Amino acid sequence: MAERLLEVISIETRYGLSQVLFGISLAISPGEMVTLMGRNGMGKTTTVRSVMGLTPCMAGSIRFDGREVASLPSFRVAQLGIGLVPEGRQIFPNLTTRENLVATAANRTDAADPWTLDKVCELFPRLGERLNSMGNLLSGGEQQMLAIGRALMTNPRLLILDEATEGLAPLVRAEIWQCLTRLKAAGQSILVIDKNVAALTRIADRHYLIERGRVVWCGTSAELAAAPQVQHQYLGI
Ligand SMILES: Nc1ncnc2c1ncn2[C@@H]1O[C@H](COP(=O)(O)OP(=O)(O)OP(=O)(O)O)[C@@H](O)[C@H]1O
Ligand SMILES: [Mg+2]
């Protein structure tokens, strides 16, 4: 296994003529939980889209387990073991919870102890109660749990969550943080985007702050917690 699970090196990405990323670099080691934070519109989702091959970068390099993936189509990137919980969740509205969970399930990475429907329901008991409900009838929190469960059912080596708890009630948020803590303890590598700095400095290892398509600060949770001026300048806290 490569020393770095994911290595993003100086990527530049544009939508049409409008350049959004100006040389983003970040790295995630196996088993780490790393965050990407920044104000609205700074390029967090675009970074994730570039990693997934959804909006390919025009310069730079993206290595997953030592292999260059920057020019691969998104389905290949997913097959290599990156599971995305997308911004907006993108649950299949006219499939049941159970169907959503199994629709894209796969053990592509030959995980020794792969995810099953039962294990996802143990992680999120609420989903177990709603297995036969249509996706569009679930609450926002249930949909987010379903999106996480669906990504886990692909047995990803790297789980990426874009806006992990946006728009969710405090109790549901706490449940999501607890779930990520459990996943990390089980060795899952995680890249998480969210605006909840207090929670993330408790549960994540390292942080990258971005502003206008550039990484402006990176450091550990202890360093970020001890830098209120950094939080104020780049996160508006
Ligand atoms: N499909 C698109 N076409 C053109 N410009 C886009 C597109 N998607 C995003 N952008 C622009 O790219 C910039 C970065 O957007 P991005 O969605 O990556 O930001 P973000 O950090 O994820 O923001 P948020 O916190 O609101 O989710 C913004 O200026 C946005 O308007
Ligand atoms: Mg975004």
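Trainee: Why is the pair E122 and R182 called a salt bridge?

Mentor: A salt bridge is a side-chain nitrogen of Lys or Arg within 4 Å of a carboxyl oxygen of Asp or Glu. The side chains of E122 and R182 meet at 3.1 Å, N to O, so the pair satisfies the rule. Please note that this is a predicted model, in which local features need pLDDT of at least 70 and side-chain atom pairs count only at pLDDT 80 or more, whereas totals for chains, interfaces and linings use all residues. Side-chain values use heavy atoms, with hydrogens and water left out; residues are numbered from 1 along each chain as its sequence is written, and chains are lettered from A and ligands numbered from 1 in the order in which they are written.

Trainee: What makes R39 and E211 a salt bridge, and where do the two residues lie?

Mentor: Their side chains meet at 3.3 Å, N to O, so the rule is met here too. R39 is in the loop between β3 (33–37) and α1 (44–52), while E211 is in strand β9 (residues 206–211), 172 residues apart. Helices (H or I, at least four residues) and strands (E, at least two) are DSSP runs, numbered from the N terminus. By the salt-bridge rule the count comes to nine.

Trainee: How many salt bridges cross the interface of domain 1 and domain 2?

Mentor: The rule finds two across that interface. The domain bounds, from an automatic or database assignment, are 6–81 + 157–235 for domain 1 and 92–153 for domain 2. Contact, meaning heavy atoms within 4.5 Å, takes 17 residues from domain 1 and 14 residues from domain 2.

Trainee: What is the area buried between domain 1 and domain 2?

Mentor: Buried area is the accessible area (1.4 Å probe) that two parts lose on being put together, summed over both. Here the area is about 1200 Å², of which carbon and sulfur atoms give 69%. In domain 1, E175, C179 and R182 lose the most area to domain 2, together 33% of what that side buries.

Trainee: Why is the approach of ligand 1 to K44 called a polar contact?

Mentor: A polar contact is a pair of N or O atoms within 3.5 Å; within protein, one must be able to donate a hydrogen and the other to accept it, and residues adjacent in sequence count only if both atoms are side-chain atoms. An oxygen atom of ligand 1 is 2.8 Å from an N or O atom in the side chain of K44, so the distance satisfies the definition. For E87, the corresponding side-chain value is 2.7 Å.
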